[in-house]
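Biologist: Before we discuss this model, I should like each descriptive term to be justified by its criterion. Please take the terms in turn.

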Amino acid sequence: MGLKHSSSSSSLFFLILLFLLLSSQVSSQACLKTCGQIPIKYPLGTGSGCGDTRFTRYIKCDPDQQTLTLTTHTGCYPITSVDYTKQIIYVTDSSMSTCACTRPSQGFGLDWDAPFSFHDDTVFTLLDCSVDESPVFKPLSNSTGRVSLCDRQSSSICNFLYSNCRAISLINLQESTCCVYVPLDLGPSFEMDLQKLRCSSYSGFYNLGPAQESHPENWNYGIALKYKFNVFDEYPAVCGGCERSNGACGYNTQTSSFVCNCPGGINTTSDCFFLYNSASIVLPWISTGAWMMYPMSLVVFWTVMSLP
């Protein structure tokens with residue numbers, strides 16, 4: 001009788017201990033729904049197993065600094081905001097020249113397989129380019145000079161940058177060394193290697209309206225990137241249910257299949273509404289370590305049967 005009592009008590013103790021242990025481990029793996037001041041929604045994620053697998057490689061959240069960062073082969077760039085309605089990510093580049101500061105830069109580029117493209121509103125302006133050596137200035141066939149391959153209709157942008165932007169005007173650059181480099185003309189993904197282009201720096205901005213054109217100090221400096229959910233650009237319906245139930249859309253790191261990461265770190269294949277069902281409770285399945293949902297009455301029955 002004493003042996004049976006000891007065995008039952010040990011089993012119950014082991015079950016409680018395992019529950020607490022697994023609970024602490026899984027909770028630490030929960031996907032974050034904010035990073036600093038930026039809300040995180042699909043397809044973005046804060047780490048492995050969160051968001052869309054295609055984005056995990058490029059976008060991560062630093063839990064200590066609470067900063068969301070885009071990483072490409074040319075560097076790491078802080079994400080300032082995300083417009084989930086228009087599917088646009090806005091990033092900054094500390095090496096970019098603005099009206100506040102002019103500095104040399106290596107350029108900016110996207111990986112060829114990245115799930116991003118430059119938004120049509122993004123404009124790049126190459127600064128201090130060599131008129132004699134830069135490939136953006138093509139030699140004339142009669143060797144009498146060179147012609148610019150840049151966007152001629154946007155030449156006023158160079159004028160405003162070189163004359164109205166104090167940080168740039170102090171260098172006394174010739175306006176002819178400026179080139180408006182529009183990504184729309186060069187494809188959705190490209191390599192802006194300033195060393196190959198023979199330019200010392202660049203400036204990027206977006207959402208430039210006619211009323212702002214002559215005031216470069218008020219431009220939105222940075223880079224706007226467009227993303228798509230998939231080849232058909234369709235938002236996954238299963239992800240909508242997950243986010244409406246206070247979950248975060250993610251994926252199984254082994255199979256890449258969809259999972260909904262619920263509060264407490266519990267993963268499901270649908271949504272988190274079951275957490276708010278008072279007739280159920282979630283417990284770890286001892287043989288596999290996975291979390292399962294059980295009726296409350298059954299859990300009470302198990303507990304009573306385990307007691308001496």
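Modeller: Contact means heavy atoms within 4.5 Å. Helices (H or I, at least four residues) and strands (E, at least two) are DSSP runs, numbered from the N terminus. The model is a predicted one, in which local features need pLDDT of at least 70 and side-chain atom pairs count only at pLDDT 80 or more, while totals for chains, interfaces and linings use all residues. Residues are numbered from 1 along each chain as its sequence is written, and side-chain values use heavy atoms, with hydrogens and water left out.

Biologist: What covers the buried residues of helix 6?

Modeller: The cover includes strand 17 and strand 18. Helix 6 spans residues 237-244, and its buried residues are Cys-239, Gly-240, Gly-241 and Cys-242. Asn-246, with a positive phi near 70°, follows helix 6.

Biologist: Why is Phe-160 called buried?

Modeller: Buried means under 20% relative accessible area, exposed over 50%, and partly exposed in between (1.4 Å probe, protein chains only). Phe-160 has a relative accessible area of 18%, and therefore it is buried. This residue is found in helix 3, where Ile-157, Cys-158, Leu-161 and Tyr-162 are among the other buried residues. Leaving aside neighbours within four places in sequence, Phe-160 is in contact with Cys-165, Glu-213, Ser-214, Pro-216 and Trp-219. The C-alpha atoms of Phe-160 and Glu-213 are separated by 7.6 Å, although the two residues are 53 apart along the chain.

Biologist: Why is Gln-66 called partly exposed?

Modeller: Gln-66 has a relative accessible area of 33%, so it is partly exposed. Gln-66 lies in the loop between strand 3 (59-62) and strand 4 (67-72).

Biologist: What makes the phi of Gln-66 notable?

Modeller: The phi of Gln-66 is near 55°, a positive value in a residue other than glycine. Most residues other than glycine have a negative phi, and most peptide bonds are trans. Ser-256, likewise not a glycine, has a positive phi of about 65°; Ser-256 lies in the loop between strand 17 (248-251) and strand 18 (258-261). As for peptide bonds, the one joining Tyr-42 and Pro-43 is cis, with omega about 10°. Pro-43 is found in the loop between strand 2 (38-39) and helix 2 (53-56).

Biologist: How do you know that strand 6 and strand 16 pair?

Modeller: Two strands pair if DSSP finds at least two bridges between them. Strand 6 (residues 88-91) and strand 16 have 4 bridges, in the antiparallel sense, with Val-91 opposite Ile-223. Strand 8 (residues 116-118) also runs antiparallel to strand 16, joined by 3 bridges; there Ser-117 has Lys-226 as its bridge partner.

Biologist: Why is strand 16 described as largely enclosed?

Modeller: Of the 5 residues of strand 16 (residues 223-227), 4 are buried, so the strand is largely enclosed by the rest of the structure.

Biologist: Which residues touch the most other members of the largest nonpolar core?

Modeller: A nonpolar core is a set of buried Ala, Val, Leu, Ile, Met, Phe, Trp, Tyr and Cys residues joined through side-chain atoms within 4.5 Å. The largest has 63 residues, and Ile-59, Phe-116 and Leu-126 touch the most other members. Beyond its neighbours within four places in sequence, Leu-126 has contacts including Val-136, Cys-179, Met-192 and Leu-197.

Biologist: How many helices and strands does the protein chain have?

Modeller: The chain has 7 helices and 21 strands. Buried residues make up 42% of its 308 residues.
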